[in-house]
Amino acid sequence: MEFDGALSEALRTRFLSDDRVTIVRCDFLRFRLPDVPYKVLGNIPFNRTAAIVRRLVQADSPPRDAWLVVQREAAERFAGGPCSRETLPSLLLKPWWQIEIVRRFRRTDFDPPPRVDAVALWLAHRTRPLVDRIQAAPYRRFMRSCFGRDGHSIRRCLRSEFTRTQIHRLSRDLRFDPSGPPSGLTFDQWLALFRFRRLAGLPNRF
């Protein structure tokens, strides 16, 4: 798929004799994704990374996996740990997607070289989600409520969901410093916090 007219025609000429390749001139964000199992590979426009990732992960029929060349900072934001610290976007994706930075490119690998560092980002749709469909909305609300408070400590972010005693015990059991930032927790620790809240049947403490 190529949006630029000249480039799409050049690709048609290049692959004219290859029946395995079909060139489509289209904006990916307007393209109807297949209903059959498929994969996505692409060197995408860096300024549309968030929109393209959102299009893939929210599709009614998402890809089995996607291999995308993106700007390094964007990849770290979606991949989170262990490549970087967890972010709200990474935590909202990880129950349903495995996300990794699988290759780091040199700028000279491209012609012309970009002004920013680029990497290959891999997103694989989990066959067995870590959060089931019924709990998907509560999980997202929990993450936005707790993690989406920039500049606050873990203790302060969690106190709308847990008592002080519970936060103390959870920090001991899950081995985290409640005075640290929310980004200091791993995805596994956040998932454990959500599961504890769900199993305990705790009401919101707003």
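Student: Which strand is joined to strand 2 (residues 65–71), and how many bridges join the two?

Tutor: This model is predicted, and its strand pairing may be read as follows. Strand 2 is joined by seven bridges to strand 4 (residues 118–125), and the two run antiparallel. For one residue of strand 2, take Ala 66, whose bridge partner in strand 4 is Leu 123.

Student: Where does this pair stand in the whole sheet, and what is the order of the strands?

Tutor: The sheet is open and has four strands in the order 1-2-4-3, with mixed pairing. Strand 1 (39–43) and strand 3 (97–104) each have a single partner strand and stand at the edges, so one side of each is left without a neighbour in the sheet. On average, neighbouring strands are turned by 20° against each other, direction ignored.

Student: Which strands does helix 2 touch as it packs on the sheet?

Tutor: Helix 2 (residues 49–57) touches strand 1, strand 2, strand 3 and strand 4, and its direction makes about 170° with that of strand 2. Helix 3 (residues 72–79) also packs on the sheet, where it touches strand 2, strand 3 and strand 4. The direction of helix 3 makes about 150° with that of strand 3.

Student: How many helices and strands has the chain, and in what order do they run?

Tutor: There are eight helices and four strands. Read from the N terminus on, the elements follow the pattern α-β-α-β-α-α-β-β-α-α-α-α. Along the principal axes, the C-alpha atoms of the chain fill a box of roughly 70 × 35 × 25 Å.

Student: What describes two packed helices?

Tutor: Such a pair is described by the angle between the two axes and the distance between them. In this structure, the axes of helix 5 and helix 8 (residues 187–200) come within 11 Å and cross at roughly 115°. The crossing of these two helices is right-handed.

Student: Which residues meet where helix 5 and helix 8 are in contact?

Tutor: On the side of helix 5 they are Pro 138, Tyr 139, Phe 142, Met 143, Cys 146 and Phe 147. On the side of helix 8 they are Phe 187, Trp 190, Leu 191, Leu 193, Phe 194 and Arg 197. By class, this contact has 11 nonpolar residues, no polar residues and one charged residue.

Student: How much space lies in the second largest pocket, and which residues are closest to its centre?

Tutor: A pocket may be read by its volume and then by its lining. The second largest pocket holds about 670 Å³ of space. It is lined by 25 residues, of which Val 57, Leu 92, Leu 93, Trp 96 and Arg 140 are the closest to its centre. Helix 2, helix 3, helix 4 (88–93) and helix 5 (136–147) are the elements that give two or more residues to the lining. By class, the lining of this pocket has 15 nonpolar, three polar and seven charged residues.

Student: Which peptide bonds before Pro 82 and Pro 112 are to be noted, cis or trans?

Tutor: The bond from Gly 81 to Pro 82 is cis, with omega near 0°. Pro 82 is found in the loop between helix 3 and helix 4. The bond from Asp 111 to Pro 112 is cis as well, with omega near 0°, and Pro 112 has its place in the loop between strand 3 and strand 4.

Student: What is the phi value of Arg 175, and where does this residue lie?

Tutor: Phi of Arg 175 is near 60°, a positive value in a residue other than glycine. Arg 175 lies in the loop between helix 7 (164–174) and helix 8.

Technical notes: Residues numbered from 1 in each chain as written. Predicted model: local features only at pLDDT ≥ 70, side-chain atom pairs only at ≥ 80, totals over all residues. Heavy atoms only, no water. Pairing = 2+ DSSP bridges. Axes fitted to C-alpha atoms, helices over the stretch in contact; angles between N-to-C directions. Contact = heavy atoms within 4.5 Å. 1 Å grid on protein atoms, 1.4 Å probe; cavity = no way out; pocket = protein on both sides within 12 Å on 5 of 7 lines; lining within 4 Å. Points joined across faces, edges and corners; volume = space filled by probe spheres on them. Nonpolar A, V, L, I, M, F, W, Y, C, P; charged D, E, K, R; others polar. Left-handed = near helix turned anticlockwise from the far one by under 90°.
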